[in-house]
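Me: I have a model open and want to go through it piece by piece. Can you take short questions as they come up?

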Amino acid sequence: MPRFATARRTAALAAAVGLALATGGCGAGTEQSAAGSTTTGGTTTGSTTGPEPGGAATGGPTELPTFDPSSAVATYAQGFPPDLFPMPKDATLLASSAQPVPTASTESKTKAVPMTQVTLNLSSSRPTDQVIKQAEKILTGQGFRRIDAPEASGLTAQTAFLRITKEKSGEVQESLVVGVLDDGERRLCSISGTVRTP
């Protein structure tokens with residue numbers, strides 16, 4: 001069984017679900033973060049350090065969530081391989097992120113395969129078991145196989161997937177955790193893990 005960093009994956013999934021909850025009401029329009037960066041169609045621009053002019057709308061939140069520069073709302077983040085998980089027609093893309101994984105320094109002459117840490121958050125009206133089956137169909141179609149998942153950590157359902165490819169430098173292992181949270185009205189699904197850089 002390949003090494004599977006349970007604690008790291010669980011923490012990443014918890015953060016991803018948190019991002020999905022935070023961005024669940026966000027669309028592809030222009031959003032203003034508390035730090036003053038403007039997000040238009042998922043692209044962040046014009047970050048400022050000053051407070052946002054004016055107060056929050058009556059009855060609205062006192063502070064809007066801030067977003068990591070590597071994340072995008074309602075679209076695939078720059079560096080995210082969109083072919084990895086094509087969005088189902090009956091699902092809504094909430095947010096995504098992609099960050100390069102630092103390459104460990106090694107004396108080996110073989111160049112390490114670049115990897116990216118990815119997160120994809122979506123919502124669906126399908127039942128939890130159907131969301132899991134849908135994700136499994138998409139990922140197994142990409143060459144992943146289902147493996148044992150870490151504990152669900154309060155999620156409604158959770159599973160994991162692994163893809164191993166042979167390279168001259170050795171095996172390349174890509175792993176993803178799929179978690180689903182049922183909030184009663186919809187299912188929030190988060191796919192997170194480490195994959196080959198596109």
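What follows is a chat about this predicted model, from confidence and overall make-up to single residues.

Me: How confident is the predictor, on average?
Reply: The pLDDT of the protein averages 75. A score of at least 70 is reached by 62% of the residues.

Me: Where does pLDDT drop below 50?
Reply: One such stretch is residues 1–17, where pLDDT is below 50. In the model that stretch has 35 contacts beyond near neighbours in sequence. Residues 19–62 also stay under 50, and there the model has 67 contacts beyond four places in sequence.

Me: OK. What secondary structure is there, and in what order?
Reply: There are two helices and 10 strands. Along the sequence the pattern reads α-β-β-β-β-β-β-α-β-β-β-β.

Me: How much of the protein counts as buried?
Reply: 41% of its 198 residues.

Me: And what share of the contacts join residues at least 24 apart?
Reply: Taking contacts between residues at least 6 apart in sequence, 58% join residues at least 24 apart.

Me: Let's go to β5. Is the strand mostly covered or mostly open?
Reply: β5, residues 91–100, is mostly covered, with seven of its 10 residues buried.

Me: Which strands does β5 pair with?
Reply: Its partners include β4 and β6. β4 (residues 71–73) runs antiparallel to β5 and is joined to it by three bridges. β6 (residues 115–124) is also antiparallel to β5, over nine bridges.

Me: Which residues would I click on to check the register?
Reply: For β4 and β5, A72 stands opposite S96. For β5 and β6, Q99 is opposite Q117.

Me: What about the loop between β4 and β5, which residues there have something to note?
Reply: A74 is one of them, in that loop. A74 has a positive phi of about 65° and is not a glycine. Q78 lies in the loop as well.

Me: Are those two buried or exposed?
Reply: A74 is partly exposed, because its relative accessible area of 27% falls between the 20% and 50% cut-offs. Q78 counts as exposed, since its relative accessibility is 78% and the cut-off is 50%.

Me: How far is Q78 from S96?
Reply: C-alpha to C-alpha, Q78 and S96 are 9.1 Å apart, with their positions 18 residues apart in sequence. S96 is the β5 residue that stands opposite A72.

Me: Change of topic. How are β8 and β9 arranged?
Reply: β8 (residues 157–167) and β9 (residues 170–182) pair antiparallel over 11 bridges. They form a hairpin with two residues between them. One bridge pair there is K166 with E171 in β9.

Me: And what comes on from β9?
Reply: β9 is joined to β10 (residues 187–196) by eight bridges, again antiparallel. G179 stands opposite S190 in β10.

Me: How many residues sit between the strands in the hairpin of β9 and β10?
Reply: Four. In this hairpin G184 takes a positive phi near 100°.

Me: Now F144. Where is it?
Reply: F144 is in the loop between α2 and β7, the strand at 145–147.

Me: Is F144 buried or exposed, and why?
Reply: F144 is buried, because its relative accessible area is 3% and the cut-off for buried is under 20%.

Me: What is F144 in contact with?
Reply: Leaving aside neighbours within four places in sequence, F144 is in contact with L84, L139, F161, L162, R163, E174, S175, L176 and V195. The C-alpha atoms of F144 and L162 are separated by 5.1 Å, although the two residues are 18 apart along the chain.

Me: Last topic, empty space inside. How many cavities of 30 Å³ or more?
Reply: The count comes to one cavity. The largest cavity holds about 40 Å³ of space.

Me: Which residues line the largest cavity?
Reply: The lining is F85, P88, L122, V131, Q134, A135 and C189. Helix α2 (residues 128–140) gives the largest share, three residues.

Me: How does that lining divide into nonpolar, polar and charged?
Reply: Six of the lining residues are nonpolar, one is polar and none is charged.

Technical notes
Residues numbered from 1 in each chain as written. Predicted model: local features only at pLDDT ≥ 70, side-chain atom pairs only at ≥ 80, totals over all residues. Heavy atoms only, no water. 1 Å grid on protein atoms, 1.4 Å probe; cavity = no way out; pocket = protein on both sides within 12 Å on 5 of 7 lines; lining within 4 Å. Points joined across faces, edges and corners; volume = space filled by probe spheres on them. Nonpolar A, V, L, I, M, F, W, Y, C, P; charged D, E, K, R; others polar. Buried < 20%, exposed > 50% of the residue type's maximum accessible area, 1.4 Å probe, protein only. Pairing = 2+ DSSP bridges. pLDDT = per-residue confidence, 0-100. Contact = heavy atoms within 4.5 Å.
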